[in-house]
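Open the structure in your viewer and keep the selection tool at hand. The tour below goes from stop to stop, saying what to select and what is there.

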Amino acid sequence: MDTSEAIHPDRVGPIVVQEAWGTIGRARALDHMNGVYVLRGERASLAFVFLEEKVFRMKMFMGREVDLSTTIAVLPRKGEPLQAEVEETERSWKLSCGELVLEIEKKTSALSVFDREERMIARQNTVSWNPRGAVHSVYDMPGDSHFYGLGEKASFLDKKGERYTMWNTDVYAPHMPEIEALYESIPLLVHMHGKCSYGIFLDNPGRTDFDMRSHGISYTIGCSTGDYDIYFVYGPALKEVVRGYTGLTGRIALPPKWALGYHQSRYSYMDQSEVLHLARTFREKEIPCDVIYLDIHYMDEYRVFTFDPVRFPDPEGMMAELKSLGIRIVPIVDPGVKKDPKYAVYREGVEKGYFSRKLEGDIFFGDVWPGTSAFPDFTDDKAAEWWGNMHKYYTDMGIPGIWNDMNEPAVFNNSKTMDLDVMHGNNGNPKTHEELHNLYGMLMSKATYEGLKRNMDGQRPFVLTRAGYSGIQRYAAVWTGDNRSFWEHMALAMPMVLNMGLSGLAFSGPDIGGFAHHTSAELLVRWTQMGVLFPYCRNHSSIGTMRQEPWSFGPEIESILREYIGLRYRWMPHLYNLFHEAAETGLPPMRPLLLEYQDDPNVTNLCDQFLVGSDVLAAPIYRPNTEHRAVYLPEGQWIDYWSGEILEGGRHILAHAPLSVMPLYIRAGAVIAEGSPKLYADDRSDETLTLRVYGAKAEAGFHASYSLYEDDGASFDYVSGVSSMIRFELRGGENELELSYRYERHGYTANRNLVRFALVCTAFKPAEIEGLKELNPEEAEHGQEGWYIDRQTGGLVLQIQDRTQGATFKLKG
Ligand code: GLC
């Protein structure tokens with residue numbers, strides 16, 4: 001006998017009804033209340049707030065009252081919003097504020113954004129929604145449009161013709177151009193057309209999408225739940241968009257210097273003796289390394305906040321030896337807490353109500369590495385604080401950094417994540433997981449960062465995360481998840497990390513050598529050559545794959561890797577300087593050429609070469625058995641780092657690069673700050689600072705300059721002014737150069753004696769330097785003050801004691 005189920009409504013397949021999409025309709029009035037301009041439409045309203053000269057917010061809402069609270073992505077704002085001038089005509093309202101003019105058409109509520117010269121920057125034609133709460137907006141896409149940002153996405157730099165979803169997803173395989181969602185969700189779209197660029201940040205941590213493919217002359221932005229809450233950031237320079245966006249969502253916290261070193265990881269270094277052997281091998285082989293990672297096998301049956309008592313019987317002893325070698329440990333911590341009534345962390349989480357629950361009250365359980373697990377509800381401050389405090393377990397052992405993985409959160413089920421109807425507490429404003437999904441990983445890393453900081457006695461913590469949302473840069477570095485040892489994935493890492501840098505994630509990088517599949521000697525060399533110039537530099541590989549520690553392929557490969565890792569350490573002062581710039585301005589250390597040469601059509605989608613800061617150009621080899629490649633040198637002169645040859649820019653050249661060479665160029669007139677060779681970043685044994693000037697010219701008009709930021713690289717003392725800024729300038733005159741060096745600020749005293757100024761790749765040879773004597777090689781070696789010609793480079797070196805009062809020297813030809 002059949003039951004009523006036989007006539008189940010879904011048996012016949014989905015019933016197709018035309019969904020009723022609503023639009024704002026006619027604009028009826030424009031109200032102004034305390035700096036908020038509200039456009040009252042027929043069916044919905046738009047609130048506008050002018051935050052800065054180039055930044056405004058626009059939020060759609062129904063009903064009378066608008067809620068202008070924000071997600072945690074947006075930093076709390078100081079000060080009142082700006083006032084706009086309002087002009088009403090028969091056709092429209094015009095709101096002028098700062099550098100922008102917004103025109104809202106009365107008939108359609110369409111919005112056009114102009115600059116003060118009446119050039120159209122952007123146009124939002126419609127915003128519509130369906131009865132289920134999805135919102136969809138349509139923007140103009142001129143023929144010369146290019147798109148960037150969007151955080152961690154596969155494919156090329158320019159996202160024109162692509163479509164993406166923001167939904168943090170654990171994608172073990174495949175990382176391919178067609179993958180729409182990966183681990184991180186940064187709903188920032190940067191649109192460039194002509195000489196103009198702007199960013200649109202949709203602050204919605206639910207599922208959102210960006211479609212630059214399907215609608216001909218328009219692109220669309222949508223969200224499936226929650227608010228249509230837009231921040232518009234005008235350039236026209238891309239750098240201004242990055243500055244503006246990171247002004248809203250925050251910039252990286254200045255990392256400890258050791259976090260900029262080379263990191264070594266493997267899933268997993270299985271026991272204490274393997275870890276110690278690894279550390280000793282780095283030191284014996286004199287390969288610089290700052291960090292070793294502990295993957296999941298360090299734990300007792302994958303219980304977070306434990307060490308396996310058999311494999312790691314004496315973590316404190318291990319830490320003590322590692323400390324003497326200058327190596328730090330960063331262990332993995334996943335959010336899944338093993339369901340086990342005998343496990344204190346689980347018990348306490350249950351007893352205090354800290355785990356994520358369904359509305360009906362049941363804890364949500366999902367399978368991850370430890371088996372059935374519960375997941376902290378990081379949206380609740382109390383649970384987050386509890387989690388953060390538990391890291392005392394690690395900090396008490398001297399562990400200064402944590403690796404957050406699986407925090408999308410990943411769950412081994414069909415949806416790959418937590419049930420969408422989990423109800424997060426959200427500090428008394430409960431919301432479903434569907435609405436907050438993309439925030440989960442960021443809130444975990446925030447709790448971790450803050451917990452570490454509370455327990456580290458003024459030292460800077462380091463957190464690495466796989467998942468995140470806009471603003472994650474304030475708490476964690478990001479690695480790009482489970483790539484493979486494919487040449488294609490090496491190439492893919494460039495545009496991916498470049499766009500992450502344009503999206504606020506200045507401290508990012510891939511698993512060098514590739515995580516899954518098997519690396520080869522050649523791939524490891526090429527990937528390391530490239531990877532040492534990425535902001536985050538970690539070699540990581542999966543269980544069961546070929547070993548890829550630097551010595552895994554014999555002495556010849558090892559010595560190439562040693563040299564490139566060594567280069568990262570030699571350039572550490574410069575790199576740290578760039579990180580300081582990123583912390584201050586949001587501009588990433590690793591940059592697409594586009595960021596510096598926005599108007600050069602050759603670089604619109606150039607993403608197989610990149611800049612470190614503005615002056616170092618790297619062009620990795622990313623194909624097997626390849627010794628040549630085309631390199632584009634932008635306008636100006638560039639110096640081949642290896643040969644010293646001076647090359648005219650504004651053209652493509654063919655670079656020759658046998659295995660030991662990654663093509664590398666320095667902008668003529670650039671200055672790079674170098675430190676002494678080191679095996680770990682905060683080794684203070686000899687801190688001679690060398691300012692290397694490339695291609696100086698003894699002629700009027702030549703000017704090179706550099707500002708070097710310094711602090712202790714470890715503590716938060718810099719926040720209260722314990723830092724220095726050294727200003728260096730070199731000016732050309734007729735057959736002479738004037739070199740000056742001074743402390744613009746001197747709150748921190750570096751542990752060094754000598755400062756060297758090395759002029760390389762220059763035709764200039766001084767006959768005399770006022771106030772400095774010429775040194776013979778022995779005097780030079782013994783650190784006397786004076787000048788000499790370096791026998792290796794043939795370049796001129798001025799060597800002086802570091803003087804806080806600064807110095808000026810005239811170099812006469
Ligand atoms: C995930 C991570 C990977 C890690 C592994 C085991 O796949 O992405 O980096 O090694 O889990 O913890």
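Between which two strands does the loop with Pro409 lie? Select Pro409 to begin: the loop that holds it runs between strand 27 (401-404) and strand 28 (422-424). Keep in mind throughout that this is a predicted model. Add Glu408 to the selection and look at the peptide bond from Glu408 to Pro409, which is cis, with omega near -5°.

A cis bond can also be found at another place. Select Gly235 and Pro236, which are joined by a cis peptide bond with omega of about -5°. Pro236 sits in the loop between strand 19 (229-234) and helix 1 (238-249).

**The ligand**

Next, select the ligand and show the residues around it. They are Tyr267, Asp295, Ile296, Ile332, Trp369, Trp403, Asp405, Arg466, Trp479, Asp482, Phe515 and His540. Coloured by class, this shell has seven nonpolar residues, four charged ones and one polar one.

Now pick out three of the side chains and check their distances to the ligand. For Asp482, a polar side-chain atom lies 2.5 Å from an oxygen atom of the ligand. For Arg466, an N or O atom in the side chain is 2.8 Å from a ligand oxygen atom. For Asp405, the distance from a polar side-chain atom to an oxygen atom of the ligand is 3.0 Å. How much of the ligand does the protein bury? Taken alone, the ligand exposes 300 Å², and the protein buries 97% of that.

**Helix 3**

Select residues 315-325, which make up helix 3. Within helix 3, colour the buried residues: Pro315, Met318, Met319, Leu322 and Leu325. Why are these buried residues on the same side of helix 3? They cover an arc of only 115° around the axis, and therefore they share one side of the helix. Give a second colour to Glu316, Lys323 and Ser324, which are exposed on the other side of helix 3.

From helix 3, step back along the chain to Tyr302. Tyr302 is in the loop between strand 21 (291-294) and helix 3. Its phi is positive, about 65°, although Tyr302 is not a glycine. Is Tyr302 buried or exposed? Neither label fits: with a relative accessible area of 26%, Tyr302 is partly exposed.

**A second positive phi**

Go to Cys761, in the loop between strand 49 (754-760) and strand 50 (768-769). Cys761 is not a glycine either, yet it has a positive phi of about 55°. Its relative accessibility is 27%, and Cys761 counts as partly exposed.

**Three buried residues**

Select Phe716 in the loop between strand 46 (703-710) and strand 47 (724-733). Phe716 is buried, its relative accessible area being 16%; the cut-off for buried is under 20%. Draw a line from the C-alpha atom of Phe716 to that of Met318: these atoms are 27 Å apart, and the two residues are separated by 398 residues along the chain. Met318 was among the buried residues of helix 3.

Move to Gly41, which is found in strand 3 (residues 36-41). Gly41 counts as buried at 14% relative accessibility. Select Glu162 as well: Gly41 and Glu162 are 121 residues apart in sequence, and their C-alpha atoms are 32 Å apart in space.

The next residue to select is Ser112, in strand 9 (residues 111-115). With a relative accessible area of 2%, Ser112 is buried. From Ser112 to Tyr139 there are 27 residues in sequence and 9.6 Å in space, C-alpha to C-alpha.

**The domains**

To finish, zoom out and colour the protein chain by domain. The domain assignment gives domain 1 as 22-249 and domain 2 as 684-812. How many Å separate the centres of domain 1 and domain 2? Taken over C-alpha atoms, the centres are separated by 47 Å.

How values were computed. Residues numbered from 1 in each chain as written. Predicted model: local features only at pLDDT ≥ 70, side-chain atom pairs only at ≥ 80, totals over all residues. Heavy atoms only, no water. Near = heavy atom within 4 Å. Polar contact = N/O pair within 3.5 Å; in protein donor to acceptor, adjacent residues only side chain to side chain. Areas by Shrake-Rupley, 256 points an atom, 1.4 Å probe, with all protein chains shown as cover. Nonpolar A, V, L, I, M, F, W, Y, C, P; charged D, E, K, R; others polar. Domains from an automatic or database assignment. Buried < 20%, exposed > 50% of the residue type's maximum accessible area, 1.4 Å probe, protein only. Helix = DSSP H or I, 4+ residues; strand = E, 2+ residues; numbered from the N terminus. Arc of directions from axis to C-beta.
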